[in-house]
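Hi,

Here is the structure I said I would pass on. Have a look at it first, and then read on for what I found.

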Amino acid sequence: MKPVLVFFALFFSIYGGAQQVNQCGIIIPPKSLQSKFQSVYEARSYINTMLDSINWKENFTVQEQNGINNAYATIMNNKRYIIYDNDFLENLDGAANTKWASISVLAHEMGHHYRNHLVDRRGSTPPKEIEADYFSGYVMARLGATREEAIQGMAVIASPRASASHPAKNDRLDAISRGWNYANGVNAPEPTNTPDPAPQPQQNPPPATNDASWIYLYLYGNDDMTVYLSDDGKTYSEAPLKTSQPFVFKFDVYKYGWMRFGNSRTAKTFRLNHGSDYAIIWSRRTNSWTVVPVP
């Protein structure tokens, strides 16, 4: 069975007259008369912008699936997916009266991938949802949303009561607010089972310290550069590296990842292992860039 983390369940019942809720008590927004969210291309654009805002390179397949009243993150055939219902996002924006609502849903699903929630195949739990909410608030701040805009979508749809799989509304709004505060330099550490370093302004959300799938890549040089990363050693994507900060990423679907300095089959390929740090340095002996493990 494929692992799935859902923001909203697929089946729902009628609750309190015209109000619809899912089996976890999440409120389904009513049908909107305005169309604000356009297509999978717009969703992909939002996700790319969010990835750029936190300097995280990840390959998501964004797939529209009409009629599910849902948005969720999953891994199928060793590929990452974010799947959403276009009508659902339109209705949410209409109910929240802001386009930030649909963006926050996509950010929440990214958070499930970012925090490695899918590989245990146990589905949604309140701690996982809190971590994804925190991530959503963080990304909304990096994109320029106010705290009120960051929480508006959840304020409309979250249940006031907790369930076995999802937290109560107040807890979710608090997690989003803490993520938003963290992105703005306020001391509000990300929820985790192990202590994280004290937060600093404009840092990426810290990965859990016991998550061995994270890889840190450090560039030592005077200029920024672009390298190419791959999950499977076949398809490579650009990854911009800055001398001012490490590039943080993970390959949690496969056992390790690959890196090249050029996007060609003849380019030298370096294998990067989980739970390791690497430095990119200039070798005067070979007159070229090379990758070395950091002890």
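Let me start with strand E6, which is covered on both faces: Ala71, Ala73 and Ile75 are buried on one side, and Tyr72, Thr74 and Met76 are buried on the other. Put as a count, six of the six residues of E6, which spans residues 71-76, are buried. Before going further, please keep in mind that this is a predicted model.

E6 pairs with strand E7 (residues 79-84); the two run antiparallel and are joined by six bridges. If you want one pair to click on, Ile75 has Arg80 in E7 as its bridge partner. The two strands make a hairpin with two residues between them, and Asn77 in that turn has a positive phi of about 50°.

Stepping back for a moment, the protein chain has six helices and 15 strands. Of its 295 residues, 53% are buried. Among contacts with a separation of 6 or more, 60% are between residues 24 or more positions apart. The accessible surface of the chain is about 14000 Å², and carbon and sulfur atoms account for 49% of that.

Now to helix H4, residues 126-143. How does its span compare with what 18 residues should give at 1.5 Å a residue? The expected value is 26 Å, and the end C-alpha atoms are 26 Å apart, so the two agree. H4 is also largely enclosed by the rest of the structure, because 14 of its 18 residues are buried. Just after the helix comes Gly144, which takes a positive phi of about 105°.

Next, the charged pairs. How many salt bridges does the structure hold? There are five. The one I would look at to begin with joins the side chains of Asp133 and Arg172, at 2.7 Å from N to O. This pair ties together distant parts of the chain: Asp133 belongs to helix H4 and Arg172 to helix H6 (residues 169-183), with their positions 39 residues apart in the numbering. Are these two residues buried or exposed? Both Asp133 and Arg172 are buried. They also belong to a network of salt bridges that takes in Glu129.

H6 has a salt bridge within itself as well. Asp174 and Arg178 are both in that helix, four residues apart, or about one turn. Their closest N and O atoms are 3.0 Å apart. In contrast to the buried pair above, Asp174 is partly exposed, at 40% relative accessibility. Arg178 is partly exposed too, with a relative accessible area of 22%; the cut-off for buried is under 20%, so Arg178 does not count as buried.

The last one to mention is between Arg147 and Glu148, where the closest N and O atoms are 3.8 Å apart. A salt bridge here needs the nitrogen within 4 Å of the carboxyl oxygen, so this pair does qualify. Arg147 is partly exposed, with a relative accessible area of 29%, and Glu148 is partly exposed as well, at 47%.

If you open the model with just two places in mind, I would suggest the E6 and E7 hairpin, with Asn77 in its turn, and the network of Glu129, Asp133 and Arg172.

Cheers

Methods
Residues numbered from 1 in each chain as written. Predicted model: local features only at pLDDT ≥ 70, side-chain atom pairs only at ≥ 80, totals over all residues. Heavy atoms only, no water. Buried < 20%, exposed > 50% of the residue type's maximum accessible area, 1.4 Å probe, protein only. Contact = heavy atoms within 4.5 Å. Areas by Shrake-Rupley, 256 points an atom, 1.4 Å probe, with all protein chains shown as cover. Expected span 1.5 Å × (residues − 1). Pairing = 2+ DSSP bridges.
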